[in-house]
Amino acid sequence: MENSQSLFNNMKVCENCKRPLPVDYKESLCPRCLDMALFREVKEFIRTHDVNEYEVAEHFKIPLRQVKDWIKDGRIEYKTHDPSSTISGLHCQRCGAPVSFGTLCPKCLRLLNGNKGYSSGANPGNTKSRMYHLEGEE
């Protein structure tokens, strides 16, 4: 019984979510909490700067693919739905039209939502090829 007590006393946990971590893990936060903290920083950066995905990746020294994945996941998007403000290779899964975020274009999204329309909760400006975050996403 004494061995199990010492085993649990030496266990390392994430400072944020208290998930168990390997004892030799170098960070104080688990990978998920680190990712969420990074995204919060990126979100604040996008909120306060007029940037595109390349500038975000360069500023945070993260792979461009990660920023593009956040766009594809619908966590961040361009300020306009102008086709010229989309990233290359991101197209609607239903019709193939270029999209500025997520996996569906606004037209297909409206069709699937019963023509209720789309509202991101954010207030897009009229600046082309710039990004903003979606409210409520962490």
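**Exercise 1.** Is the crossing of α2 and α3 left-handed or right-handed? Describe how the two helices pack.

*Solution.* The model is a predicted one.

Step 1. Locate the helices: α2 covers residues 31-48 and α3 covers residues 53-60.

Step 2. Read off the geometry. The axes of α2 and α3 lie 11 Å apart, and the packing angle is about 130°. This angle makes α2 oblique to α3, because angles over 115 and up to 145 degrees are neither roughly perpendicular nor roughly antiparallel.

Step 3. Give the handedness: α2 and α3 form a right-handed crossing.

Step 4. List the residues that meet. From α2 come Leu38, Glu41, Val42, Phe45 and Ile46, and from α3 come Val56, His59 and Phe60. Sorted by type, the residues of this contact are six nonpolar, one polar and one charged.

**Exercise 2.** Describe the largest nonpolar core, and state which element gives the most residues to it.

*Solution.*

Step 1. The largest nonpolar core has 19 residues. Those that touch the most other members are Val42, Val56, Phe60, Ile62, Val67, Trp70 and Ile76.

Step 2. Two or more residues of this core come from each of α2, α3 and α4 (64-72). The most come from α2, which gives five.

Step 3. Take Val42 as an example. Setting aside residues up to four places away in sequence, Val42 touches Val56, Phe60 and Trp70.

Step 4. There is also a second, separate core of five residues, with Leu21, Leu29, Cys30 and Cys33 among them.

Step 5. Put this in context. Nonpolar side chains in soluble globular proteins tend to be buried together.

**Exercise 3.** Where does Ala97 sit, and which residues does Ala97 contact?

*Solution.*

Step 1. Ala97 belongs to the loop that lies between β3 (76-78) and α5 (106-112).

Step 2. The relative accessibility of Ala97 is 25%, so Ala97 counts as partly exposed. The cut-offs behind this are under 20% for buried and over 50% for exposed.

Step 3. Apart from neighbours within four places in sequence, the contacts of Ala97 are Leu90, His91, Cys92 and Cys105.

Step 4. Compare sequence and space for one pair: Ala97 and Lys107 are separated by 10 residues in sequence, and their C-alpha atoms by 9.5 Å.

**Exercise 4.** How many helices and strands does the chain have, and in what order do the elements run?

*Solution.*

Step 1. The count is five helices and four strands.

Step 2. Starting at the N terminus, the order is α-β-β-α-α-α-β-α-β.

Step 3. The chain has 138 residues, of which 35% count as buried.

Technical notes. Residues are numbered from 1 along each chain as its sequence is written. This is a predicted model: local features need pLDDT of at least 70, side-chain atom pairs count only at pLDDT 80 or more; totals for chains, interfaces and linings use all residues. Side-chain values use heavy atoms; hydrogens and water are left out. Axes are lines fitted to C-alpha atoms, for helices over the stretch in contact, and angles run from 0 to 180 degrees between N-to-C directions. Angles under 35 degrees count as roughly parallel, over 145 as roughly antiparallel, 65 to 115 as roughly perpendicular and the rest as oblique. A crossing is left-handed if the near helix is turned anticlockwise from the far one by less than a right angle, and right-handed if clockwise. Contact means heavy atoms within 4.5 Å. Ala, Val, Leu, Ile, Met, Phe, Trp, Tyr, Cys and Pro count as nonpolar, Asp, Glu, Lys and Arg as charged, and the others, Gly among them, as polar. A nonpolar core is a set of buried Ala, Val, Leu, Ile, Met, Phe, Trp, Tyr and Cys residues joined through side-chain atoms within 4.5 Å. Buried means under 20% relative accessible area, exposed over 50%, partly exposed in between (1.4 Å probe, protein chains only).
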